[in-house]
Amino acid sequence: MTTRTDRTAAVRIAWTATKLTRAGRHPIAIGRLAATVGMDPAEAHRLMDLMGFVIRDGLVVMDRGSRPGPARAGSDRYQVDLFLLAVATGEPVHADSVCPATGARVRVHFTSARVLSVDPPHAVVAASRLPGIDLTLGQDYVEALVCTQFFASKEAAAGWLLENIDGRVLSVPDYLAHTRRMVAALEAWPTI
């Protein structure tokens, strides 16, 4: 069992790893990651394991599987979503997905700064809450969410929301704005 402090520290070090590796394209040594966040390499390794990252031959390796997709059991729920990747890399992202409720194609194109296009226009992001993660920014608490799927509309996501009581359904622009708030909270942590 992990503590709330461990889970929060793990999310924050995972964010740093995402940025330093450019979302997995440039593996880095676990020692460099630990030095960047000001922690012991063994502790950094433990927290990265907690987040489901792989440390191979002393290098941090990211799973860059396609996102979004259905949330899976275990640490896979903590993998970085496409919105965080856009913010981490500064590169535009194009997501092409199928709404699990309607079968409609959902296409979203965005940068870290803004949404460029959404088709269909009322498509939404289904986001899972990461329980026990404290992303307090000043006096504000920012809920830790991870994008799990796109739906063609809020109505199409209603069944998912019933099955995922802690989940949230947000418009694409609202989720991107939320992601930027999460990143601000992650980067406000004193040791990152």
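A salt bridge is a side-chain nitrogen of Lys or Arg within 4 Å of a carboxyl oxygen of Asp or Glu. Keep that in mind as you look at this predicted model, because the structure holds four of these pairings by that definition. Let's walk through some of them, then drop in on a threonine.

**A network around Arg-46**
- Arg-46 pairs up with Asp-6, and their closest N and O atoms sit 2.8 Å apart.
- Arg-46 belongs to helix α3 (residues 41-50) and Asp-6 to helix α1 (residues 4-20), so this salt bridge ties together parts that are 40 residues apart in sequence.
- Arg-46 also has a salt bridge with Glu-43, again with 2.8 Å between the closest N and O atoms.
- Glu-43 and Arg-46 are both in helix α3, three residues apart, which is about one turn of the helix.
- Put together, Asp-6, Glu-43 and Arg-46 are linked in a network of salt bridges.
- As for exposure, Asp-6 counts as buried at 16% relative accessibility, while Arg-46 is partly exposed at 34% and Glu-43 is partly exposed at 29%.

**A pair between two strands**
- Arg-107 forms a salt bridge with Asp-96, with the closest N and O atoms 3.7 Å apart.
- Arg-107 is in strand β5 (residues 105-110) and Asp-96 is in strand β4 (residues 93-98), so you're looking at a link between distant parts of the chain, eleven residues apart.
- Both partners are partly exposed: Arg-107 has a relative accessible area of 34%, and Asp-96 has 40%.

**Thr-179, tucked away**
- You'll find Thr-179 in helix α6 (residues 172-187).
- Thr-179 is buried, with a relative accessible area of 0%.
- Leaving aside neighbours within four places in sequence, Thr-179 is in contact with Phe-83, Leu-84 and Val-87.

Definitions and conventions. Residues are numbered from 1 along each chain as its sequence is written. This is a predicted model: local features need pLDDT of at least 70, side-chain atom pairs count only at pLDDT 80 or more; totals for chains, interfaces and linings use all residues. Side-chain values use heavy atoms; hydrogens and water are left out. Helices (H or I, at least four residues) and strands (E, at least two) are DSSP runs, numbered from the N terminus. Buried means under 20% relative accessible area, exposed over 50%, partly exposed in between (1.4 Å probe, protein chains only). Contact means heavy atoms within 4.5 Å.
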